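The exercises below are meant to be worked with the sequence and the structure side by side. Try each task before reading the solution that follows it.

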Amino acid sequence: MKVIEGKALQVSDAIIACQLDGQGGLIPIEDKDVIHCERPCWLHLNYTHKQSAEWLSSTPLIPDSVRDALAGDSLRPRVSRLGDGFMITLRSVNLNSDSRPDQLVAIRVFINDKLIVSTRRRKVYAVDEVLSELQNGNGPVDGGSWLVELCDVLTDHASEFIEDLQDKIIELEDALMDQSVPARGELALLRKQLIVMRRYMAPQRDVYARLASEKLGWMDDSERRRMQEIADRLGRGLDDLDASVARTAVLADEIASVMAEAMNRRTYTMSLLAMIFLPTTFLTGLFGVNLGGIPGGGSRYGFAIFCLMLVLLVGGVALWLHKRKWL
């Protein structure tokens with residue numbers, strides 16, 4: 001296939017439909033165009049849209065083996081080589097306003113030297129950044145540089161989110177130094193985010209390393225070196241995630257220790273109070289019986305003397321506890 005008719009790439013609900021111009025820009029695709037395949041065409045689709053789904057299921061431009069993958073069946077990051085191209089599934093930090101960043105979004109890409117077809121359901125902001133670079137005339141010039149640029153932006157977003165998680169851990173550690181315990185569920189959410197990122201970014205790092213090792217005509221050595229650098233950068237992010245998971249485990253132990261210490265202090269205080277008032281409780285119980293012969297029962301000053309005696313007794317017990325350094 002050396003020529004593609006423009007109408008074969010026309011999808012009415014496509015998000016992006018263009019051809020790279022080889023100089024960092026893009027060329028819109030028209031119905032009457034006859035596209036020579038020296039430079040790849042790029043279609044970006046939402047596979048839940050009707051026309052896009054029909055195009056994916058019927059177009060002869062993509063292999064049958066990738067139709068289901070492009071339509072959203074694959075979830076974990078993976079790469080498969082198909083002749084002179086790849087079928088790639090990647091994960092991106094979710095920057096949509098109605099979702100948490102750890103609810104990662106998937107982007108699926110079929111790419112060869114002539115055609116790039118990328119699909120998604122939820123918006124992937126990395127694609128918008130690549131498109132913006134193309135619109136400004138300083139974007140990728142071919143399929144290899146397009147793939148490197150996309151992976152680079154995805155890794156930037158992941159690295160920024162990992163840094164944000166580390167900043168939250170530092171804030172929790174500083175607060176704990178001041179004996180301030182985080183709100184219920186805050187640490188659990190943080191650990192969940194770390195684990196989710198670790199689960200998906202580890203295979204994604206392997207995808208980048210695989211892409212860097214494959215030798216294809218439309219990826220030169222400099223692009224493979226850049227892809228390996230991206231894989232190494234994501235690998236450092238994974239090391240940070242592992243360290244952060246360990247730090248949250250220490251935080252959880254420290255929070256449990258602080259809460260146990262606070263409970264012990266309260267229990268100790270209650271025990272001292274009980275010890276202080278135990279003699280007075282005994283005396284009030286003894287003098288409260290309704291029997292004859294109670295000392296002072298016939299004296300008008302008996303109750304006042306008894307109260308004064310209780311105050312002196314409480315003060316004496318408290319002084320004794322203070323001297324023993326219990327209070």
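**Exercise 1.** Is D167 buried, partly exposed or exposed, and what is its relative accessible area?

*Solution.* Bear in mind first that this is a predicted model. Begin by locating the residue, which has its place in helix 4. Next, take its relative accessible area, which is 41%. Since buried means under 20% and exposed over 50%, with partly exposed in between, D167 is partly exposed. Then look at the surroundings: D167 belongs to a surface patch of negative charge, whose members also include E160, E163, D164 and E171. The elements that contribute two or more residues to this patch are helix 4 (143–177) and helix 6 (221–287), and the largest share, 6 residues, is that of helix 4.

**Exercise 2.** Describe how strand 7 is covered, and identify the strands with which it pairs.

*Solution.* Strand 7 spans residues 85–92, and 8 of its 8 residues are buried. In a regular strand, side chains alternate between the two faces of the sheet. Accordingly, sort the residues by direction: G85, M87, T89 and R91 point one way, while F86, I88, L90 and S92 point the other way, and all are buried. Now turn to the partners. Strand 6 (residues 78–82) pairs with strand 7 in the antiparallel sense over 5 bridges, with R81 standing opposite F86. These two strands form a hairpin with 2 residues between them, and G83 in the turn has a positive phi of about 65°. Strand 8 (residues 105–111) also runs antiparallel to strand 7, to which 7 bridges join it, and here T89 stands opposite R108.

**Exercise 3.** Examine the salt bridges R198 to D242 and E261 to R265, and state where the partners of each lie.

*Solution.* A search of the whole structure finds 14 salt bridges. In one of them the side chains of R198 and D242 meet at 2.7 Å, N to O. Because R198 lies in helix 5 (residues 186–213) and D242 in helix 6, this pair ties together parts that are 44 residues apart in sequence. R198 is partly exposed at 28% relative accessible area, and D242 is likewise partly exposed, at 36%. For the second pair, the closest N and O atoms of E261 and R265 are 3.3 Å apart. Both residues lie in helix 6, 4 residues apart, or about one turn of the helix. E261 is partly exposed at 40%, as is R265 at 47%.

Methods
Residues are numbered from 1 along each chain as its sequence is written. This is a predicted model: local features need pLDDT of at least 70, side-chain atom pairs count only at pLDDT 80 or more; totals for chains, interfaces and linings use all residues. Side-chain values use heavy atoms; hydrogens and water are left out. Patches are made of residues with over 30% relative accessible area and no salt bridge: like charges are joined within 9 Å, nonpolar side chains (Val, Leu, Ile, Met, Phe, Trp, Tyr) within 5 Å. Accessible areas come from the Shrake-Rupley method with a 1.4 Å probe; for residues, only the protein chains shown count as cover. A salt bridge is a side-chain nitrogen of Lys or Arg within 4 Å of a carboxyl oxygen of Asp or Glu. Lys and Arg count as positive and Asp and Glu as negative; His and the chain ends are not counted. The place of a charge is taken as NZ of Lys, CZ of Arg, CG of Asp or CD of Glu. Buried means under 20% relative accessible area, exposed over 50%, partly exposed in between (1.4 Å probe, protein chains only). Two strands pair if DSSP finds at least two bridges between them.
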